[in-house]
Amino acid sequence: MTFDDRRFDHFFLNPSADSISSYKAAIADATEILIQHFALANQAYSGLLPQQCKFPEPGFDLCPEEGTPLSDVLQQVGAMVIQHSANVSHPTCIAHLHCPTLVPSLAAELLISATNQSMDSWDQSPAATFLEQRVIESLCQLFGFDHQADGVFTSGGTQSNFMGMLLARDRYAQKHFRWSIQEQGLPPQASQFRILCSDVAHFTIRQAAALLGLGQQAVVPVATDADYRLSPHHLEQQIIALKQEGLLPIAIVATAGTTDFGSIDPLTDVAQLAKAYDLWLHVDAAYGGALIMSDTYRHLLHGIAAADSLTIDFHKLFYQPISCGAFLIKERTHFDLLKLHADYLNPETNEDLGILDLVVKSVQTTRRFDALKLFISMQCLGRKTFADMIETTINTARETASLLKADDVFELANIPTINAVVFRYIPQTQHSSLALVSFSNQINQSIRLALMQKGQAIIAQTQIGAFIYLKFTLLNPRTTVVHTKSLLEDIRTIGQDLEATLLLSAG
Ligand SMILES: *Cc1c(COP(=O)(O)O)cnc(C)c1O
């Protein structure tokens, strides 16, 4: 090795001319691949079947002895992987809460990854720590919390819900048994802890209860009304019944935007019950939180500021690249329940020096600077543009629901509160050897697969009772009723063809 070793210059971003030119070329190459194989694609999906998705071939050499030029590797990845991706920006890629990404956020991602700040300790993210904290404070205000509130960016709703249940559990043990779960592990009473949520709440509430040592048994589903909203009456009855059984309700989870129906629980009523029974109130607004941007729909979130903790996802209706979520709490001192100090990372003496190490508020250590992309896109678009996008999607969902309602071939499952539309193709024929439910289920399932295999659309399925339903999640403001109408026509045709084939083969 010579004193002036430049062998690795072009592999890293640095002041050398080699580095700058190789960086620019790499980004230009990647951009070209992206445009060619993704942006210009005019289908939701290439149509590749699961059996055909086999790049790289088994036995491939992950790290060959000698490397290949980046442009060649990118070409191969473009043709084999990018081209066969779910095209999230396509108007008929409408299966899940899986959004198209804003261009300003894609630019932000370049900055986030290249600067590679880590949000755990201030010395790894000096300006970034400050910006994330400011963004969190603004989000707290946006949702109506006061200056006692605080929060942290997370990897998404799963982590935010986990943190909400963690704080609810630990606060309950501390308050009622002077017991520190962080220090002592679960108290003897933990098997009696109960969490109440609606029967259409997200599965990650059960997952969190399981991971937190309470078991899925701790989650008590409460009946919903005809619009899939938590019924306050049933909720109160359930709380009383649990107490009579000697069980210990610790928290209520209200959902603002259920994943299947977009339904929003009656937050004000639920908050009153949480207060009356001294229960932690967690609001899972992963999906519906975005309505806060809209003058027309903000009222649906009325009461959200009563939450002790709140989940919001930005990689859904805020159009951020994955991952981007936040966890907010009304009373910042509750973060003390999970605070830990590591001598090498965030020594307690840092606090005396006024140094903010965000690791004390997170269950992650190394953590991305995802706040930056939200900041950049909010500054760029402005509130009105976000509101316009969200309102546009809601209108499209409502118009699509009207089409379904007026059509005898379809059964509409919900009047969309946000932009998820759930429906079923109703078989028009019957056959004695095929039970009604399984015939319908078989056809609806096959419709979804047929659309994906043609690459025409990616739609979802879900189940209500015994029936399988189809779902459009209309997050993309570029999806119009022209797209959904034509897709419904295709679904009708596919359904009719399938019926004919199935009846033939059933003899
Ligand atoms: C998406 C979603 C989650 C899970 O969030 P991830 O970001 O996927 O981890 C939780 N709750 C609701 C209501 C959701 O829609």
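Here is a short chat about a predicted model, its ligand and one of its sheets.

Student: Which residues sit closest to the ligand, and how many surround it?

Tutor: There are 15 residues around the ligand, and the closest are Thr158, Asp284, Asp313, His315 and Lys316. A residue counts here if one of its heavy atoms lies within 4 Å.

Student: What makes the pair between Lys316 and the ligand a polar contact?

Tutor: The cut-off is 3.5 Å between N or O atoms. A polar side-chain atom of Lys316 lies 2.9 Å from an oxygen atom of the ligand, so the pair falls within 3.5 Å and counts. The side chain of Thr259 makes it too, with an N or O atom 3.1 Å from a ligand oxygen. Gly157 uses a backbone N or O atom, 2.8 Å from an oxygen atom of the ligand. As for cover, the ligand alone exposes 380 Å², and the protein buries 85% of that.

Student: Which helix gives the most to the shell around the ligand?

Tutor: That's helix 5 (residues 157–177), with three residues. The whole shell divides into three nonpolar, nine polar and three charged residues.

Student: How do you know that strand 10 and strand 11 pair?

Tutor: Pairing needs at least two bridges. Strand 10 and strand 11 (residues 467–473) have five, in the antiparallel sense, so they pair. One bridge joins Thr462 to Tyr469 in strand 11.

Student: Why are strand 8 and strand 10 called edge strands?

Tutor: The open sheet runs in the order 8-9-11-10. Strand 8 (410–412) and strand 10 (460–464) each pair on one side only, and that makes them the edges.

Conventions:
Residues are numbered from 1 along each chain as its sequence is written. This is a predicted model: local features need pLDDT of at least 70, side-chain atom pairs count only at pLDDT 80 or more; totals for chains, interfaces and linings use all residues. Side-chain values use heavy atoms; hydrogens and water are left out. A polar contact is a pair of N or O atoms within 3.5 Å; within protein, one must be able to donate a hydrogen and the other to accept it, and residues adjacent in sequence count only if both atoms are side-chain atoms. Accessible areas come from the Shrake-Rupley method with a 1.4 Å probe; for residues, only the protein chains shown count as cover. Helices (H or I, at least four residues) and strands (E, at least two) are DSSP runs, numbered from the N terminus. Ala, Val, Leu, Ile, Met, Phe, Trp, Tyr, Cys and Pro count as nonpolar, Asp, Glu, Lys and Arg as charged, and the others, Gly among them, as polar.
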